[in-house]
Amino acid sequence: MFGKKKNSINKVVVSSKEELKTAIKRKNPYIEVQGDLAKKMKWMGKLSSAKIAAIIALLTPLAAVPGGGVLTVTALTAGGVVEAAANVVIYVISILGIATIIGIFRGYNVEVETGKVSLRLKAGA
C-alpha cells in the first residue's frame, strides 16, 4: 500500500514468427523480439510516423485479398516509403505476413535496443 509501485508489465519474449503472431493476436501489451527475427525487423524502429501510415495504407488493401496479393518493391518505393532497405522490408513482410505487419504498426510502438539484438513492441501506438 505504501511505497513504490511495482512495474507489473506482462512482458512476452519471442524469437520466432509464430510466437510473434500469437503474441500480437493475444494483444500482449509488451513484446520483446530477440534473435534473428529482431535483426530482420530492426528497420521498423527507424520509420517515421508518416512512413508507417504510408505502409499501412499500401498493405491494408492487400490484406483483404485472398492469398495476400502480390507485393513488389516498386509498390513500397513508389511514394518513397522505403529507400535502400526495400528488399529487407519485402522479405520481412513476406515472412511475417501482411496482417501481422499491420497489427504491429497499428497497435504497437516499436523500439530498437542498441547493444544487443532486441526489438521492443509496446502497446499504445
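These notes walk through the predicted model, point by point.

1. **Confidence.** This is a predicted model, so the scores come before the details. Mean pLDDT for the chain is 74. A score of at least 70 is reached by 66% of the residues. Confidence is highest in strand β2 (residues 30-34), at a mean of 93. Confidence is lowest in helix α4 (residues 73-77), at a mean of 51.

2. **Order of elements.** The chain contains six helices and four strands. Read from the N terminus, the order is β-α-β-α-α-α-α-α-β-β. Trace this order on the model.

3. **Inside and outside.** The chain has 125 residues, and 36% of them count as buried. The exposed area is about 7,500 Å². Carbon and sulfur atoms make up 57% of that area.

4. **Contacts along the chain.** Consider contacts with a separation of 6 or more. Of these, 50% join residues 24 or more positions apart. The points below give examples of residues that meet across the sequence.

5. **The aromatic pair.** How many aromatic pairs does a search of the whole structure find? It finds one. The partners are Trp43 and Phe105, and their arrangement is edge-to-face. Their ring centres are 6.2 Å apart, with 70 degrees between the planes. The pair counts as edge-to-face because the angle is over 60 degrees. Trp43 sits in the loop between α2 (36-41) and α3 (49-64). Phe105 belongs to helix α6 (residues 98-107). The two residues are 62 apart, so the pair links distant parts of the chain. Are Trp43 and Phe105 buried or exposed? Both Trp43 and Phe105 are buried.

6. **A salt bridge in helix α2.** Side chains of opposite charge can pair when their charged atoms come close. The structure holds five salt bridges. One of them joins Lys39 and Asp36, with the closest N and O atoms 3.9 Å apart. This distance counts because the cut-off is within 4 Å. Lys39 and Asp36 lie three residues apart in helix α2, so about one helical turn separates them. Asp36 is exposed, at 52% relative accessibility. Lys39 is partly exposed, at 48%. The labels differ because exposed means over 50%.

7. **Arg120 and its partners.** Arg120 lies in strand β4 (residues 118-123). Which side chain meets Arg120 in a salt bridge at 3.0 Å, N to O? That partner is Glu111. Arg120 also forms a salt bridge with Glu113, at 2.8 Å, N to O. The side chains of Arg120 and Glu113 make a polar contact as well, again at 2.8 Å.

8. **The network around Arg120.** Arg120 has a relative accessible area of 18%. Arg120 therefore counts as buried, the limit being under 20%. Its two partners are partly exposed: Glu111 at 28% and Glu113 at 23%. Through shared partners, salt bridges join Glu111, Glu113, Arg120 and Lys122 into one network. Now leave aside the residues within four places of Arg120 in sequence. Arg120 is then in contact with Tyr30, Ile31, Glu32, Asn109, Val110, Glu111 and Glu113. Tyr30, Ile31 and Glu32 fall within the residues of strand β2 (residues 30-34).

9. **Lys17 in helix α1.** Lys17 is in helix α1 (residues 17-25). At 32% relative accessibility, this lysine counts as partly exposed. Which residues does Lys17 touch, not counting those up to four places away in sequence? They are Leu37, Ile95 and Leu96. Lys17 and Leu37 are 20 residues apart in sequence. Their C-alpha atoms are 7.3 Å apart in space.

10. **Lys40 in helix α2.** Lys40 is placed in helix α2. Its relative accessible area is 30%, which means Lys40 is partly exposed. Along the chain, Lys40 and Val117 are 77 residues apart. In space, 9.9 Å separates their C-alpha atoms.

Definitions and conventions. Residues numbered from 1 in each chain as written. Predicted model: local features only at pLDDT ≥ 70, side-chain atom pairs only at ≥ 80, totals over all residues. Heavy atoms only, no water. Buried < 20%, exposed > 50% of the residue type's maximum accessible area, 1.4 Å probe, protein only. Contact = heavy atoms within 4.5 Å. Areas by Shrake-Rupley, 256 points an atom, 1.4 Å probe, with all protein chains shown as cover. Phe/Tyr/Trp six-rings, centres within 6.5 Å; stacked < 30°, edge-to-face > 60°. Polar contact = N/O pair within 3.5 Å; in protein donor to acceptor, adjacent residues only side chain to side chain. pLDDT = per-residue confidence, 0-100.
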